[in-house]
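Student: I'd like a close look at one helix in this model, please. Start with what sits over its buried side, then work outward as far as makes sense.

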Amino acid sequence: MQMAIEAGKRAAEKGEVPVGACIADANYELLAIASNLTITNSDPTAHAEVMALREAGARIGNYRLVGATVYSTIEPCVMCAGALVNARVARLVFGAHDERFGAVETHFGLCTSEILNHRIEIVPGILADECRELMKQFFQKMRKPARQ
C-alpha cells in the first residue's frame, strides 16, 4: 500500500487527483505501479487502477490477472471495479472509502456481486487515514485562490 500512496503523491505533483495503485502477483512480486493520468493523457479512463491493470496485463501477456492483488489508495469507482472483476484479480486492498464514487463497498458492491461471474476478496481501510489525508490536502490546495 505504501507504494500506491507514493504513486498517488507523484500524481498530485502533476496536478492529477492523487490516487495510486499497484498490483502484485500471487507470489507478491510487483507487476505494476500507476497513478491517475486522466488530465495528463486527456483520457477519462486513465484512472490509477486501470493504468496498473494495463501495465500488469502487458507485462504477463494476459488480461486475466488470476491470483493477483490490487492495492489502491481509494475505493475504486464503477469503471475500475468493473475492470478488476473482468481482470479476475483475486484480492483488492484499498485505503479510504470514497463516499461519492466508491463502487466496491460504499455503493453497488460490484466486486462481490453474485450477479457477476467473478468475485474479489475485499480488504478495506489499510492506511485509510494516510490515503484520506492525501486526497484532503490535494483538494484543499486546489480550492485555495492563487496568491498574487
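**Helix H3 and its surroundings**

Tutor: The buried residues of H3 are covered by elements that include strand S1 (20-24), S2, helix H2 (38-41), strand S3 (69-74) and helix H4 (78-86). Helices here are DSSP runs (H or I, at least four residues), strands are too (E, at least two), and both are numbered from the N terminus. Before going on: this is a predicted model, where local features need pLDDT of at least 70 and side-chain atom pairs count only at pLDDT 80 or more, while totals for chains, interfaces and linings use all residues. Residues are numbered from 1 along each chain as its sequence is written, and side-chain values use heavy atoms, leaving out hydrogens and water.

Now H3 itself: it covers residues 48-60, 13 residues in total, and reaches 18 Å from first C-alpha to last, close to the 18 Å expected at 1.5 Å a residue. That expectation is 1.5 Å times one less than the number of residues. Ala48, Glu49, Val50, Met51, Ala52, Leu53, Ala56 and Gly57 are its buried residues; buried means under 20% relative accessible area, exposed over 50%, partly exposed in between (1.4 Å probe, protein chains only). Just past the end of H3, Gly61 has a positive phi of about 75°.

For a view from the covering side, try Ser35, which lies in strand S2 (residues 30-35). Ser35 counts as buried because its relative accessibility is 10%. Setting aside residues up to four places away in sequence, Ser35 touches Ala7, Ala11, Val19, Gly20, Ala46, Ala48 and Met51, with contact meaning heavy atoms within 4.5 Å.

S3 also turns up at another helix: the buried residues of H5 pack against helix H1 (2-13), S3 and strand S4 (91-96). H5 (residues 128-143) has 16 residues and reaches 23 Å between its first and last C-alpha, close to the 22 Å expected at 1.5 Å a residue. Its buried residues are Ala128, Cys131, Leu134, Met135 and Phe138. Down the axis of H5 they fall within an arc of 135°, so they line one face of the helix; the arc is that of the directions from the helix axis to the C-beta atoms. Exposed Asp129, Lys141 and Arg143 sit on the face turned away from that buried side.

As for disulfides (cysteine sulfur pairs within 2.5 Å), a search of the whole structure finds zero. The closest cysteine sulfur to that of Cys77 is in Cys80, 3.7 Å off, too far for a bond.
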